[in-house]
Amino acid sequence: MSVEKSIHYDGFGTHLDWSLDGVKPEMIDWFWSNMEKGFLLWHPEEHEPLTWAIPPRDGNLLGAVHIAPQTWSDGVRQNLYIRFERFEDVPDKVKEYVDYEHCIIVAGLGFGEESLHTEEPMGYRIHQWQTSENGVI
């Protein structure tokens, strides 16, 4: 499997563009629905096993919140509280960046249990993918 990637910043956020040969969109769909199984594989040097502060209901991730413990490359350990968002609920500026067939939008709520009650997230991450000639982009 070959991986091509690029990184750029546009004033709104940092964009990581990947091309993964041999990977199908359904494989990435599976990952998101099974994060507790694959989170460590995503970034084994930084991630620890995740837990659910608010678990998915009946397989639906929307509104679920996971606690993503990790130690960043600067050595700082964090317990990030991250919520899966409904497309309709994110700001229009975030929606403008969605281009691909498959999309997960998450909100970074904060670093502790109190963040479950926050009104305004720290920010959003958009994960999106679609079929390419050799796999996914």
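These legends walk through several views of one predicted protein model.

**View 1. The whole chain, start to finish.** Let's begin with the overall layout of this predicted model. The protein chain has three helices and eight strands. Going along the sequence, they come in the order β-β-α-α-β-β-β-α-β-β-β. Put a box around the C-alpha atoms, along the principal axes, and it comes out at roughly 45 × 35 × 35 Å. How does the radius of gyration fit with a compact globule? For 137 residues, such a globule would have a value near 14 Å, and the protein chain has 15 Å, which agrees. Of the contacts with a separation of 6 or more, 42% join residues 24 or more positions apart.

**View 2. The surface and its charges.** About 8,900 Å² of the protein chain is exposed, and 51% of that comes from carbon and sulfur atoms. As for the residues themselves, 36% of the 137 count as buried. The protein chain carries 10 positive and 24 negative charges, and the mean positions of these two sets are 4 Å apart.

**View 3. Two nonpolar cores.** In soluble globular proteins, nonpolar side chains tend to be buried together. Here, the largest nonpolar core has 17 residues. Which of them touch the most other members? Those are Ile 28, Trp 32, Met 35, Phe 84 and Ile 104. Helix α1 (25-33) and strands β5 (77-84) and β6 are the elements that give two or more residues to this core. A second core, separate from the largest one, has five residues, including Ile 67, Tyr 81, Ala 107 and Leu 109.

**View 4. Ser 115, tucked into a loop.** Ser 115 lies in the loop between β6 (102-110) and β7 (123-129). Is Ser 115 buried or exposed? Its relative accessibility is 5%, so Ser 115 counts as buried, the cut-off being under 20%. Leaving aside residues up to four places away in sequence, Ser 115 touches Tyr 81, Leu 109 and Gly 110. Two of these names may ring a bell: Tyr 81 and Leu 109 also belong to the second core.

**View 5. Asp 58, out in the open.** Look for Asp 58 in the loop between β3 (51-54) and β4 (65-71). With a relative accessible area of 84%, Asp 58 is exposed, since anything over 50% counts that way. The backbone is worth a look too: phi of Asp 58 is near 50°, a positive value in a residue other than glycine.

Technical notes: Residues numbered from 1 in each chain as written. Predicted model: local features only at pLDDT ≥ 70, side-chain atom pairs only at ≥ 80, totals over all residues. Heavy atoms only, no water. Helix = DSSP H or I, 4+ residues; strand = E, 2+ residues; numbered from the N terminus. Rg over C-alpha atoms; globule rule 2.2 N^0.38 Å. Buried < 20%, exposed > 50% of the residue type's maximum accessible area, 1.4 Å probe, protein only. Contact = heavy atoms within 4.5 Å. Areas by Shrake-Rupley, 256 points an atom, 1.4 Å probe, with all protein chains shown as cover. Lys, Arg positive; Asp, Glu negative; His and termini not counted. Charge placed at Lys NZ, Arg CZ, Asp CG, Glu CD. Core = buried A, V, L, I, M, F, W, Y, C linked by side-chain atoms within 4.5 Å.
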